[in-house]
Amino acid sequence: MVKHVIPKSLDEAVDYLYDGSYQVIAGGTDLMVQKRSTAETPPQFASNLLFAFNLDELKYIKKSERCIHIGSMTSLETILHHHDAPNILKEVILDMASPAIRNVATLAGNIGNASPAGDSLVPLYLLDAQIILFSKNQFRHLPIEKLILGPRKTVIRNDEIIKDIAIPIHNFTKTKWTKVGGRQADAIAKVSFLGAVNIENEMILDFRVAFGAVYKTIIRSREIEKEYRNISVTEFKEKRDEIVKKYEELILPIDDQRSNKEYRKKVAINMLNDFIINI
Ligand SMILES: Cc1cc2nc3c(=O)[nH]c(=O)nc-3n(C[C@H](O)[C@H](O)[C@H](O)COP(=O)(O)OP(=O)(O)OC[C@H]3O[C@@H](n4cnc5c(N)ncnc54)[C@H](O)[C@@H]3O)c2cc1C
C-alpha cells in the first residue's frame, strides 16, 4: 500500500527520500491531476508520497550580491508579490494558472514536471537559473538546461529534493514576454516567447531569447546569442532574417490537443520577428 509522510524538517525529508521509494509532492497542482484517472475519483499513486509543502525552511526569497534565491516551497503567488523576485519572472507568473492555483503551485513543481509548456521554465532558462538539489548530506548544483531532459524527464534522483532555485541578477534594457493560450487565464501555452536585450550606446551588449512549447524542452541557443552581441542596434536589425533563419532550424513543435505544429512554428517566428523589429 502507498504510504504518505509529512516531514517536519528538510533533514527528515531527505532521510525518508534516502531509500528511493518516495516521490516529492509540493502544491500537487500537476501531480494530483496526472494521477487522477477520471473525474470524481481519488488520484492513484504508484509510489509513496512525501508532502513537502509545509516545510517552512524552504519558503523564502533571499537576495545575495549576484543572485536571487527562491526556496523550493515558495508559492508562485508569494514570488509574484515579492519585491526582490526578478521582474521577468513575475510577469510570466502573472500569466500562469489563476490566483487559487498559484497559492499552492511552486517553481520547483513546474521544474519537476518538466513540461515544454511550463511557463516559468522560459525565464529560468533565459536567466541562467541554477537548481540546487539536496540529498542526505549532499548538494548538487545544476543549470536548468542540464537538469531537464525532455517532457517529464529530469536528472533529479529519487533521493533528492529541489531545495533552492538560484537566479542570477541581470539588467536588461528591454524584455518581451508573450504567451499564446486558448484563453487569457488558466490556459497552458500553445507557444510562448521571451526575449531580452541589454543596449548601451546603441550597442547590443546582451541578446537572449527562449521559446516554450515548440520543442521537447525550452529552446535557448547560447551559440546564436553570442554571434549577435557587441554589434550596433542597426546592424542587429539588418541581420534579422539571418537570425530568424537560425532559430527556424531549432523550432520543431509537435501537434497535440492544444495546437498544431504549423501554427506553433509560425507564431514563434512572428514573435521573434516582432521582438527584433521593436528593439
Ligand atoms: C488549473 C491549472 C492551471 C494551470 N496553469 C498553468 C499555467 O498557466 N502554466 C504552467 O506552466 N503550469 C500550469 N499548471 C500546472 C501547474 O500548476 C504548475 O506546473 C505548477 O508550477 C506545479 O507546481 P506544484 O508545486 O503544484 O507541483 P506538484 O504537482 O507538487 O509536482 C510536480 C512535479 O514536480 C516534482 N516536484 C515538486 N517539488 C519538487 C521538489 N522540491 N523536488 C523535487 N521534485 C519536486 C513532483 O514530484 C512532480 O513530479 C496549471 C495547473 C492547473 C491544475
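# Salt bridges, ligand contacts and a pocket

Arg-264 and Asp-256 pair up in a salt bridge, with their closest N and O atoms 3.2 Å apart. Keep in mind that this is a predicted model. The notes below start from that pair, then move on to the other salt bridges, the ligand, the second largest pocket and two residues with unusual backbone angles.

**Around Arg-264**

- Arg-264 sits in helix H12, which covers residues 261–277.
- The two partners differ in how much surface they show: Arg-264 has a relative accessible area of 1%, so it is buried, while Asp-256 comes in at 28% and counts as partly exposed.
- Besides its salt bridge, Arg-264 has a backbone partner: a polar atom of its side chain lies 2.8 Å from the backbone oxygen of Ile-254.

**Other salt bridges**

- In total, the structure holds 20 salt bridges.
- As background, side chains of opposite charge can pair when their charged atoms come close.
- Asp-128 and Arg-208 form one of these salt bridges, at 3.3 Å from N to O. This pair ties together distant parts of the chain, 80 residues apart: Asp-128 is in the loop between helix H7 (121–126) and strand S6 (130–135), and Arg-208 is in strand S13 (residues 203–212).
- Buried or exposed: which is it for Asp-128 and Arg-208? Both are buried.
- Glu-242 and Lys-246 make another salt bridge, with the closest N and O atoms 4.0 Å apart. These two are four residues apart in helix H11 (residues 240–250), so about one helical turn separates them.
- Both ends of that helical pair are partly exposed, with a relative accessible area of 37% for Glu-242 and 25% for Lys-246.

**The ligand**

- There are 31 residues surrounding the ligand, and the closest are Val-24, Thr-29, Asp-30, Thr-106 and Ile-162.
- Thr-29 also offers a side-chain contact: one of its N or O atoms there is 2.6 Å from an oxygen atom of the ligand.
- Backbone contacts turn up too. A polar backbone atom of Ala-187 is 3.2 Å from a ligand oxygen, and one of Gly-109 is 3.5 Å from a ligand oxygen.

**The second largest pocket**

- Its volume is about 300 Å³.
- How many residues line the second largest pocket, and which lie nearest its centre? The lining has 16 residues, with Ala-85, Pro-86, Asn-87, Ile-169 and His-170 nearest the centre.
- Two elements each supply at least two lining residues: helix H4 (87–94) and strand S10 (161–168).
- Sorted by class, the lining comes out as nine nonpolar, five polar and two charged residues.

**Backbone oddities**

- For context, most residues other than glycine have a negative phi.
- Ala-213 is not a glycine, yet it has a positive phi of about 70°. You'll find Ala-213 in the loop between S13 and helix H9 (222–227).
- Asn-230 isn't a glycine either, and its phi is also positive, at about 60°. Asn-230 lies in the loop between H9 and strand S14 (231–232).
- What are the relative accessible areas of these two residues? Ala-213 is buried at 10%, whereas Asn-230 is exposed at 54%.

Key:
Residues are numbered from 1 along each chain as its sequence is written. Side-chain values use heavy atoms; hydrogens and water are left out. On a 1 Å grid over the protein atoms alone, a cavity is a set of points where a 1.4 Å probe fits but cannot get out, and a pocket is an open set with protein on both sides within 12 Å along at least five of seven lines; lining residues have an atom within 4 Å of a point. Grid points are joined across faces, edges and corners, and a volume is the space filled by probe spheres set on the points. Ala, Val, Leu, Ile, Met, Phe, Trp, Tyr, Cys and Pro count as nonpolar, Asp, Glu, Lys and Arg as charged, and the others, Gly among them, as polar. A salt bridge is a side-chain nitrogen of Lys or Arg within 4 Å of a carboxyl oxygen of Asp or Glu. Buried means under 20% relative accessible area, exposed over 50%, partly exposed in between (1.4 Å probe, protein chains only). A residue is near a molecule or strand if one of its heavy atoms lies within 4 Å of it. A polar contact is a pair of N or O atoms within 3.5 Å; within protein, one must be able to donate a hydrogen and the other to accept it, and residues adjacent in sequence count only if both atoms are side-chain atoms.
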